[in-house]
Amino acid sequence: MRIGITCYPTYGGSGAVATELGLKLAERGHEVHFVSYAQPFRLGHFRERVFFHEVEMEDYPLFEHPPYSLALSVAMHDTAVREKLDLMHVHYAIPHATSAWVARKMLAPERNLPVVTTLHGTDITLVGLHPSFHAITRFSILRSQGLTAVSEYLKEETVRGFQVPAERIEVIPNFIDTDVWRPGKEPCHRSTLAPEGEKIVMHVSNFRPVKHVEDVVEVFERIVRKVDARLVFVGDGPERPRAAERAEELGVRPRVLFLGKHASVDELIACADLLLLPSSNESFGLAALEAMACGAPVVASDVGGIPEVVTHGESGFLFEPGSLDEMAAAGIELLQDPRLKARIVEAARTAAVSRFGADAIVPRYEAYYERVIAANGSGARIGDAVKGIA
Ligand code: GMT
């Protein structure tokens, strides 16, 4: 197949998954064309059958807010024509599903390009619910020929918040390359992150309010009362100053390291003795899966799609959001009890490989694409009772 992929190219789970999917599809013989305003951050080296098409935007003084979604539609349209795409797969509904719908309309009737939209999280649970986006989000996702969600939780939220028939949504969980995300990575940066004997507690995110980075600091402060440890923050975003301020207030700032954004998170997460993810919501929690694959035990919020990834007491520990004492207690136990850690880490790695490894998930996307293309050929959408709606 010749597949177009659009995602946010900057740091974020949806872009990471979209990029990894494209690379894996290319490895399996498909031709993959990324269409975005910048090269996706995990695209890295040259790979056979992988192409990147940058969305070109003309700046003009009249545009206080340049219309990216229109330029994206044109880039999708042009790429589809030039590269003879069989399918366009967009990640994160806003504005990608809308741009893809416009591109499809521009292509018709000569080309009947099916669009698959993968819903990732706040496109449904937050941004898409805002009155300024709700109607267009609903319109665009309903018009995608295929619709996937990264968890059962997100599927239910889409049905509830957007009145999308459940049968229209296929749940295909996120995945990772478990050969890349694995314990014992080399180079290992452990000695540069913390002195010998100090445990490494880590948090990886985009530091948005939903991540509750100040709770990471709160939990860490409780942990260091009992365990010699260092907190390593990976990533960046609006709440970073708040985390630093809270660390200062709690007197743990000298034990907190802010590394900023990094492309090779696998090299860092494999050094962690504990990963904290106390989010108030999370449709999946890719960072938790990455930690599970790398041998870092996870303590996270029991919220959204996280329990579909982490099984409490088996492959990690989950608590109500804001349960800082419980999170700290579990963290301390994991840092102090090597047998408990070994049991959790082994179960987590097994789950990561068997349920969320690329070999388990990528063929599901391929099969889904084939179904979408076949249904589209006869004017239908997956799970749609009504045929022929443009
Ligand atoms: O939805 C977002 O705010 C951003 C998005 C991203 O690009 O990282 O995160 C969502 O998608 C990830 C990949 O599918 C999931 O792992 C995250 O849980 C999800 N974020 C939220 O639901 C808050």
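This section describes the nonpolar cores, a buried helix and a surface patch of a predicted model.

In the largest nonpolar core, which comprises 99 residues, Met-202 and Ile-269 touch the most other members. Residues are contributed to this core by both domain 1 (2-175 + 358-377) and domain 2 (190-356), and the core therefore lies between the two domains. A second, separate core consists of 32 residues, among them Val-201, Val-217, Ile-223 and Ile-344.

The surroundings of Ile-269 were examined beyond its neighbours within four places in sequence. With these left aside, Ile-269 is in contact with Trp-181, Met-202, Val-204 and Leu-275, and also with Ala-287, Glu-290, Ala-291, Cys-294 and Ala-296. Of these partners, Ala-287, Glu-290, Ala-291 and Cys-294 are buried residues of helix 11.

Helix 11 spans residues 286-294, and 9 of its 9 residues are buried, so this helix is largely enclosed by the rest of the structure. The buried residues include Leu-286, Ala-288, Leu-289, Met-292 and Ala-293. Gly-295 follows helix 11 and has a positive phi, near 85°.

At the surface, Tyr-60, Leu-62 and Phe-63 make a nonpolar patch of about 340 Å². Leu-62 is placed in the loop between strand 3 (50-54) and helix 2 (68-82). The relative accessible area of Leu-62 is 67%; because exposed residues are those over 50%, Leu-62 is classed as exposed.

Technical notes. Residues numbered from 1 in each chain as written. Predicted model: local features only at pLDDT ≥ 70, side-chain atom pairs only at ≥ 80, totals over all residues. Heavy atoms only, no water. Patch = residues over 30% accessible without salt bridge, like charges linked within 9 Å, V, L, I, M, F, W, Y side chains within 5 Å. Areas by Shrake-Rupley, 256 points an atom, 1.4 Å probe, with all protein chains shown as cover. Salt bridge = Lys/Arg side-chain N within 4 Å of Asp/Glu carboxyl O. Helix = DSSP H or I, 4+ residues; strand = E, 2+ residues; numbered from the N terminus. Buried < 20%, exposed > 50% of the residue type's maximum accessible area, 1.4 Å probe, protein only. Core = buried A, V, L, I, M, F, W, Y, C linked by side-chain atoms within 4.5 Å. Domains from an automatic or database assignment. Contact = heavy atoms within 4.5 Å.
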